[in-house]
Amino acid sequence: MGMSINVNNFIYWSISYENSNTTNDEDELELFTGIIAFDIGKEKFNLIKLPKFWRGNDGGDIAKIFGWVSFYDICG
């Protein structure tokens, strides 16, 4: 996890995580990118999954832009 941001009483982190896929005979490791949101008032964590096209991409970060949580990736 990198830096965190605070938006509307939630703390957000951009994360990369892995999940083993056991639907076939061979165990395959799948990499995902997502955002963890911690609700300060309820003291609960939530995982926000990113669209599948980010699968395996451990790049990117989050920012607060115009009061919204934004995910971005700088290619290059």
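**Figure 1. Phe-10 is partly exposed in this predicted model.** The relative accessible area of Phe-10 is 24%. That value is neither under 20% nor over 50%, so Phe-10 falls in between, as partly exposed. Phe-10 sits in strand S2. Across the sequence, Phe-10 and Phe-38 are 28 residues apart. In space, their C-alpha atoms are 5.3 Å apart.

**Figure 2. Phe-10 and Tyr-12 form a stacked aromatic pair.** A search of the whole structure gives 3 aromatic pairs. One of them joins Phe-10 and Tyr-12. The ring centres are 6.0 Å apart, and the planes meet at 25 degrees. An angle under 30 degrees counts as stacked, so the pair takes that label. Tyr-12 is buried, with a relative accessible area of 12%. Phe-10, its partner, is partly exposed at 24%.

**Figure 3. Phe-38 and Phe-45 form a tilted aromatic pair.** Their ring centres are separated by 4.6 Å. The planes are 45 degrees apart. That angle is neither under 30 nor over 60 degrees, so the pair counts as tilted. Phe-38 is buried at 19% relative accessible area. The cut-off for buried is under 20%, which means Phe-38 meets it. Phe-45 counts as exposed, at 56% relative accessibility. Here the cut-off is over 50%.

**Figure 4. Trp-13, Phe-38 and Phe-45 make up an aromatic cluster.** Ring pairs provide the links between these residues. The tilted pair of Phe-38 and Phe-45 appears in this view. Within the cluster, Phe-38 is buried, whereas Phe-45 is exposed.

**Figure 5. Ile-11 and Phe-45 are 34 residues apart along the chain.** Their C-alpha atoms are separated by 9.3 Å. Ile-11 belongs to strand S2. Ile-11 is partly exposed, with a relative accessible area of 22%. Phe-45, by contrast, is exposed at 56%.

**Figure 6. Ser-14 is a buried residue of strand S2.** Strand S2 covers residues 10-21. The relative accessible area of Ser-14 is 10%. That is under 20%, so Ser-14 counts as buried. Ser-14 and Ala-37 are 23 residues apart along the chain. Between their C-alpha atoms the separation is 9.1 Å.

**Figure 7. Asp-39 is buried and has no salt bridge.** Asp-39 is part of strand S3, residues 28-39. The nearest side chain of opposite charge belongs to Lys-42. That side chain is 4.6 Å away. A salt bridge needs a separation within 4 Å, so this pair does not qualify. Lys-42 also meets Asp-39 through its backbone. The backbone nitrogen of Lys-42 lies 3.2 Å from a polar atom of the Asp-39 side chain.

**Figure 8. Asn-9 has a positive phi although it is not a glycine.** Its phi is about 65 degrees. Most residues other than glycine have a negative phi. Asn-9 lies in the loop between strands S1 (4-7) and S2. Asn-9 is exposed, with 55% relative accessible area.

**Figure 9. Phe-66 also carries a positive phi and is not a glycine.** Here phi is about 50 degrees. Phe-66 is placed in the loop between strand S5 (61-65) and S6. At 82% relative accessibility, Phe-66 counts as exposed.

**Figure 10. Ile-65, Phe-66 and Trp-68 make a nonpolar surface patch.** The patch area is about 460 Å². Trp-68 is found in strand S6, residues 68-72. Trp-68 counts as exposed at 64% relative accessibility. Phe-66, the loop residue between S5 and S6, is exposed as well, at 82%.

**Figure 11. The whole protein has 6 strands and 0 helices.** Read along the sequence, the order is β-β-β-β-β-β. The protein has 76 residues, and buried ones make up 28%. Among the buried residues are Tyr-12, Ser-14, Phe-38 and Asp-39.

Key:
Residues are numbered from 1 along each chain as its sequence is written. This is a predicted model: local features need pLDDT of at least 70, side-chain atom pairs count only at pLDDT 80 or more; totals for chains, interfaces and linings use all residues. Side-chain values use heavy atoms; hydrogens and water are left out. Patches are made of residues with over 30% relative accessible area and no salt bridge: like charges are joined within 9 Å, nonpolar side chains (Val, Leu, Ile, Met, Phe, Trp, Tyr) within 5 Å. Accessible areas come from the Shrake-Rupley method with a 1.4 Å probe; for residues, only the protein chains shown count as cover. Helices (H or I, at least four residues) and strands (E, at least two) are DSSP runs, numbered from the N terminus. Buried means under 20% relative accessible area, exposed over 50%, partly exposed in between (1.4 Å probe, protein chains only). Rings of Phe, Tyr and Trp (its six-membered ring) pair if their centres lie within 6.5 Å; planes under 30 degrees apart count as stacked, over 60 as edge-to-face and the rest as tilted. Lys and Arg count as positive and Asp and Glu as negative; His and the chain ends are not counted. A polar contact is a pair of N or O atoms within 3.5 Å; within protein, one must be able to donate a hydrogen and the other to accept it, and residues adjacent in sequence count only if both atoms are side-chain atoms.
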